[in-house]
Protein chains: 2
Amino acid sequence: MSYTVAIVGVTGAVGQTMLQVLEERKFPVRELHCFASERSAGKTVTFSGETVRVERLAPGVFRGIEIALFSAGSARSLEFAPQAVAAGAIAIDNSSAFRMDPTVPLVVPEINAHAAKGHRGLLAVPNCTTIVMVMALKPLHDAARVVRVVATSFQAVSGAGAQGVEELRSQTLAWAKGEPMEARVFPHPIAFNLLPHIDVFLDTGYTKEEMKLQNETRKILEEPGIRVSGTTVRVPVFTAHSVSVHAETERKVTAAEARALFERFPGLRLWDDPEKSRYPMPILAEGQDDCFVGRIREDCSLENGLAFWVVGDQLRKGAATNAIQIAELLIGRPHAEDQARH
Amino acid sequence: MSYTVAIVGVTGAVGQTMLQVLEERKFPVRELHCFASERSAGKTVTFSGETVRVERLAPGVFRGIEIALFSAGSARSLEFAPQAVAAGAIAIDNSSAFRMDPTVPLVVPEINAHAAKGHRGLLAVPNCTTIVMVMALKPLHDAARVVRVVATSFQAVSGAGAQGVEELRSQTLAWAKGEPMEARVFPHPIAFNLLPHIDVFLDTGYTKEEMKLQNETRKILEEPGIRVSGTTVRVPVFTAHSVSVHAETERKVTAAEARALFERFPGLRLWDDPEKSRYPMPILAEGQDDCFVGRIREDCSLENGLAFWVVGDQLRKGAATNAIQIAELLIGRPHAEDQARH
């Protein structure tokens with residue numbers, strides 16, 4: 001069996017990574033269609049050594065498509081993902097458009113593969129930071145029930161797409177030449193700076209990005225009572241997101257037990273030998289499909305608390321890899337769990 | 001009245017800032033002596049338009065010194081601060097050597113000026129990240145008693161001294177030229193990366209830096225029961241430290257009340273208008289004596305919780321400015337509180 005696959009938003013940072021990951025994982029692609037906005041139509045991309053022409057995303061393009069991977073922003077997903085489904089495709093959407101729709105499964109294959117079963121053609125990939133965090137919360141939750149989480153994220157510029165990456169690059173190069181930095185994508189310079197501002201602000205003072213950490217975690221873990229307070233921060237790092245997590249559990253989990261839980265969870269790599277300066281870092285996770293967890297310690301401020309630090313490539317497990325793992329799940333490929341253990 | 005002042009460690013990042021801050025604040029210096037290691041002896045520094053020769057730090061140098069500002073690391077403070085005191089000077093120490101000594105006041109002038117009164121010649125400046133965090137915790141604590149804090153720090157490379165600044169600079173320049181980065185000061189590259197590792201690791205898995213947040217906060221706030229769980233992270237930022245704080249208080253504090261409390265606290269600037277992309281950032285705090293607080297919100301995961309983001313220049317309020325404010329306090333200058341309200 002092989003499939004006619006579409007990538008919507010192929011020229012973006014996630015779209016480009018989707019091309020790579022499909023190829024690396026030898027996803028059974030019979031035919032690949034690449035879509036983007038009018039601006040990019042006519043460009044070409046390379047897939048498995050062949051040149052593929054980028055087509056303009058427009059009504060009618062999904063005829064014959066079996067699997068459509070969307071990463072072109074919420075507005076495009078809202079408009080076109082239902083069209084893809086209506087044309088008979090399975091749509092796997094990387095935007096936030098449908099994540100909280102109760103009829104749409106929100107899937108991290110290592111965690112809630114079963115949720116995919118009830119899909120109606122459309123499935124959603126969670127927020128990138130949520131995926132990285134929940135990959136470590138899940139084994140802890142299964143063992144000891146997580147009740148409250150305080151999370152502070154350190155998010156790479158790739159989370160704002162290819163233009164976010166370009167912004168950090170060009171600002172840093174300007175600095176190196178002694179020239180002024182220009183801020184186009186973010187409201188302030190990001191090179192050598194930090195912006196505690198991702199997505200829009202709500203009346204509560206939280207950002208939408210921060211509330212995704214709570215809302216999506218609840219849906220993925222199927223635990224509507226779990227409480228997550230987040231602070232999400234853009235940092236001058238290219239592609240990996242890091243999260244400082246302080247979790248409170250119903251029963252105490254020792255650091256040793258947590259290490260054992262993390263170590264055997266698929267898709268998660270224990271990287272915790274601080275004496276040897278071994279802990280997760282963005283430069284370690286970049287280009288990797290697994291998330292890395294370390295700095296594991298029993299919380300000194302709480303009886304049943306555990307603190308740790310988890311890092312994952314935002315473009316891969318945070319987006320493209322997770323989307324393609326969902327596709328693998330749907331076509332009945334060996335479980336993503338096994339794939340992840342390379 | 002004017003004083004014979006010494007700076008020990010004048011060639012370091014904090015020592016250089018001490019020179020600037022003494023000058024800016026017109027501290028009444030009659031005579032300035034600058035000390036450093038043998039390697040730097042013979043160099044010159046400029047103070048108030050005059051050239052001052054750097055002398056080698058050695059026994060006997062403190063004769064005639066009235067105020068000695070130490071920022072040359074714990075080993076040098078342990079050896080020489082008691083000598084300065086024995087010679088009749090007041091020693092104000094920026095290292096961690098004496099901070100937890102019960103006979104040594106640990107002073108942030110806006111917070112616990114009264115603690116300085118009992119000094120025996122030696123006073124300590126708290127850890128830079130602790131100062132930035134506690135500047136915002138204090139008004140909250142006075143109003144509603146802080147019982148538990150979860151803090152994640154984003155610490156600038158200047159916290160590792162002038163060589164930390166040089167490391168970020170040279171790694172970034174190497175990247176700009178397409179050359180490999182060399183890590184000399186930190187165990188891994190810091191440019192475009194994050195290191196969840198500051199100071200040494202303890203058996204509990206926490207770093208010493210993380211435990212300073214709890215231990216020093218307890219001493220400064222005179223609240224031995226306060227619990228602080230920290231995650232301290234080195235980030236590719238030059239000189240300002242940022243802290244994501246999630247605080248639990250005995251009674252509920254609304255966001256509006258917190259804003260009012262922060263706004264009237266000396267040395268703290270309320271910078272909290274997220275709709276206008278106005279929030280504290282390292283590039284805002286760099287070169288400023290005040291700390292900036294924003295992103296204030298009632299914690300969605302806790303009844304009596306408040307989350308906020310506080311940023312301060314590590315070399316200034318986190319070190320040099322705080323040290324000189326202590327000196328001003330001791331010589332009976334108008335309160336640091338008033339000075340800070342410029």
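This tour moves through a predicted model of two chains, with a selection to make at each stop.

**Stop 1: the two domains of chain A**

Begin by selecting chain A and colouring its two parts separately. Domain 1 covers residues 3-125 together with 319-340, and domain 2 covers residues 130-314. The C-alpha centres of domain 1 and domain 2 of chain A are 24 Å apart.

Next, examine where the two domains touch. On the side of domain 1 of chain A there are 15 residues in contact with 18 residues of domain 2 of chain A. Select α3 (109-116), α9 (316-330) and α10 (336-340) of chain A: these are the elements that give two or more residues to the side of domain 1 that touches domain 2. By residue type, that side of domain 1 of chain A consists of seven nonpolar, five polar and three charged residues.

**Stop 2: parallel strands in chain A**

Remain in chain A and select β1 (residues 3-8) and β2 (residues 29-36). These strands run parallel and are joined by six bridges. To find one of these pairings, display V8(A), whose bridge partner in β2(A) is F35(A). Now add helix α1 (residues 13-24) of chain A to the selection; β1(A), α1 and β2(A) together form a right-handed β-α-β unit.

Which strand should be selected next to β2(A)? Strand β4 (residues 50-56) of chain A pairs with β2(A) in the parallel sense, over three bridges. F35(A) appears here again, and its bridge partner in β4(A) is E55(A). Strands of a sheet pair through backbone hydrogen bonds, either parallel or antiparallel.

**Stop 3: the seven-stranded sheet of chain B**

Move to chain B and show its strands. One open sheet has seven strands in the order β3-β4-β2-β1-β5-β6-β7, with mixed pairing. Its edge strands are β3 (44-47) and β7 (122-124) of chain B, each of which pairs on one side only. On average, neighbouring strands of this sheet are turned by 25° against each other, direction ignored.

Within this sheet, select β2 (residues 29-36) and β4 (residues 50-56) of chain B, which run parallel and are joined by three bridges. Display C34(B) as well: its bridge partner in β4(B) is V54(B). Then select helix α2 (residues 74-86) of chain B, which packs on the sheet and touches β1 (3-8), β5 (67-70), β6 (90-93) and β7 of chain B. The direction of α2 makes about 155° with that of β6(B).

**Stop 4: the six-stranded sheet of chain B**

A second selection in chain B shows an open sheet of six strands in the order β9-β8-β10-β13-β12-β11, also with mixed pairing. Which strands lie at its edges? They are β9 (227-234) and β11 (268-270) of chain B, each pairing on one side only. Neighbouring strands here are turned by 20° against each other on average, direction ignored.

For an antiparallel pair, select β12 (residues 291-298) and β13 (residues 305-313) of chain B, which are connected over five bridges. E298(B) has L306(B) as its bridge partner in β13(B).

Two helices of chain B may now be added. Helix α4 (residues 128-144) lies across β8 (146-155), β9, β10 (240-249), β11, β12 and β13 of chain B, and runs at about 30° to β10(B). Helix α6 (residues 208-221) of chain B lies across β8 and β9, and runs at about 145° to β9(B).

**Stop 5: where the chains meet**

Finally, show both chains together. How many residues of chain A are in contact with chain B? There are 51, and they meet 51 residues of chain B. On the side of chain A, the elements giving two or more residues are β8 (146-155), α5 (162-176), β9 (227-234), β10 (240-249), α8 (282-285), β12 (291-298) and β13 (305-313). Select β9(A) in particular, as it supplies the largest share of this side, five residues. The residues of this side of chain A divide into 29 nonpolar, 16 polar and six charged.

To relate the two chains, superpose chain A on chain B: this takes a rotation of 180° with 0.0 Å of shift along its axis, and the RMSD is 0.0 Å. Such a relation is that of a two-fold axis. The copies meet through the same surface, because 100% of the interface residues of chain A are also interface residues in chain B.

Terms used. Residues numbered from 1 in each chain as written. Chains lettered and ligands numbered in written order. Predicted model: local features only at pLDDT ≥ 70, side-chain atom pairs only at ≥ 80, totals over all residues. Domains from an automatic or database assignment. Contact = placed C-beta atoms within 7 Å. Helix = DSSP H or I, 4+ residues; strand = E, 2+ residues; numbered from the N terminus. Nonpolar A, V, L, I, M, F, W, Y, C, P; charged D, E, K, R; others polar. Pairing = 2+ DSSP bridges. Axes fitted to C-alpha atoms, helices over the stretch in contact; angles between N-to-C directions. Least-squares fit on C-alpha atoms with pLDDT ≥ 70 in both. Right-handed = clockwise from strand over helix to strand, strands pointing away.
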